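Q: Hi! I've got a model open here and would love a quick walk through it. Could you help me get my bearings?

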Amino acid sequence: MSYVVTRKDVRGSWYLPGIIFGLWFTLKKMIYNILNPKKMPTLNYPEQIYEYGPRFKGNHILTVKKDGSLRCTACMLCATNCPADCIKITASEHDDPSVEKYPISYEIDILRCVFCGFCEEACPVDAIRMGPEWQTAALAGSNFTYDIQHLAYRGQLKGGTQTVLDDQERHHAGI
């Protein structure tokens, strides 16, 4: 048994009608958007910036205590929980005997980060947060490795983000 395939319409194999229809459709949409800019579904970035909700997780922030020192205790839980392995911490002993250790180096490679928020949830002392900033532009890949100065004391933070609990409240609560 053999089948015979026949074309029903020769015009379907022509490319020119499809190209003309596509150009006409694009021109029609362009003219509509020019005449009705309020109904355009796009934003004119960077003049118009999309406002994310309060639960948005953007760039990382290291919180500071009331005296301006880092909240981080270098427990390595954030680096351990990071699925992208983008957090590198170097710990050292502190001069103050009441403080066990602190980070002398805390780096996050933003190009490897997947912004999952596991570091924020793993931190027992509220030392790292995911902030509302999301615009990160640079000319070289080496500029995307954020250190302590960028994470805790960058200009947009205006002196640092204070943690919710202070040390006395944590001590009385047994945390």
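Q: In what order do the elements of the protein run from the N terminus on?
A: Happy to help, and bear in mind that this is a predicted model. Starting at the N terminus, the elements go α-β-α-β-β-α-β-β-α-β-α. That comes to 5 helices and 6 strands.

Q: And how much of the protein counts as buried?
A: The protein has 175 residues, and 25% of them count as buried.

Q: What share of the contacts comes from residues 24 or more positions apart?
A: Looking at contacts with a separation of 6 or more, 68% are between residues 24 or more positions apart.

Q: OK, sheets next. What is the strand order in the open sheet of 3 strands?
A: The order is 2-3-5, and the pairing is antiparallel. Strand 2 (87–93) and strand 5 (145–146) each have a single partner strand, so each has one side without a neighbour in the sheet.

Q: How many bridges are there between strand 2 and strand 3?
A: There are 7 bridges in that antiparallel pair. As for who faces whom, Thr 90 is opposite Ser 105 in strand 3.

Q: And how many bridges join strand 3 to strand 5?
A: Strand 3, residues 101–109, is joined to strand 5 by 2 bridges, again antiparallel. Ile 108 has Tyr 146 of strand 5 as its bridge partner.

Q: Let's stay with Ile 108. Which residues does it touch?
A: Leaving out residues up to four places away in sequence, Ile 108 touches His 60, Cys 86, Ile 87, Ile 128, Phe 144, Thr 145, Tyr 146 and Leu 151. Ile 108 is also among the residues that touch the most other members of the largest nonpolar core.

Q: Which others touch the most members of that core?
A: Leu 62, Ile 87, Ile 89, Tyr 106 and Ile 128 are also in that group, and the core has 27 residues. At least two residues each come from strand 1 (60–64), helix 2 (77–81), strand 2, strand 3, strand 4 (128–130) and helix 4 (148–153). The largest share, 3 residues, is supplied by helix 4.

Q: Is there a general reason why nonpolar side chains tend to be buried together?
A: I can only give you the tendency: in soluble globular proteins, nonpolar side chains tend to be buried together.

Q: Fair enough. Switching topic, how many cavities of 30 Å³ or more are there?
A: A search of the whole structure turns up 2. The largest has about 80 Å³ of space, and the second largest has about 70 Å³.

Q: Which residues lie nearest the centre of the largest cavity?
A: Those are Cys 72, Cys 75, Cys 78, Cys 123 and Ala 127, out of 14 lining residues. By class, that lining is 13 nonpolar and 1 polar, with no charged residues.

Q: And what lines the second largest cavity?
A: Its lining includes His 60, Ile 87, Ile 108, Phe 115 and Phe 118, along with cysteines such as Cys 82 and Cys 86. The lining divides into 10 nonpolar and 2 polar residues, with no charged ones.

Q: One last thing: is Asn 59 buried or exposed?
A: Asn 59 is buried, because its relative accessible area is 5% and the cut-off is under 20%. Asn 59 lies in the loop between helix 1 (16–35) and strand 1.

Q: Which residues does Asn 59 touch?
A: Not counting residues up to four places away in sequence, Asn 59 touches Phe 115, Arg 129, Met 130, Gly 131, Glu 133, Trp 134, Gln 135, Thr 136 and Arg 154.

Notes:
Residues numbered from 1 in each chain as written. Heavy atoms only, no water. 1 Å grid on protein atoms, 1.4 Å probe; cavity = no way out; pocket = protein on both sides within 12 Å on 5 of 7 lines; lining within 4 Å. Points joined across faces, edges and corners; volume = space filled by probe spheres on them. Nonpolar A, V, L, I, M, F, W, Y, C, P; charged D, E, K, R; others polar. Pairing = 2+ DSSP bridges. Helix = DSSP H or I, 4+ residues; strand = E, 2+ residues; numbered from the N terminus. Core = buried A, V, L, I, M, F, W, Y, C linked by side-chain atoms within 4.5 Å. Buried < 20%, exposed > 50% of the residue type's maximum accessible area, 1.4 Å probe, protein only. Contact = heavy atoms within 4.5 Å.
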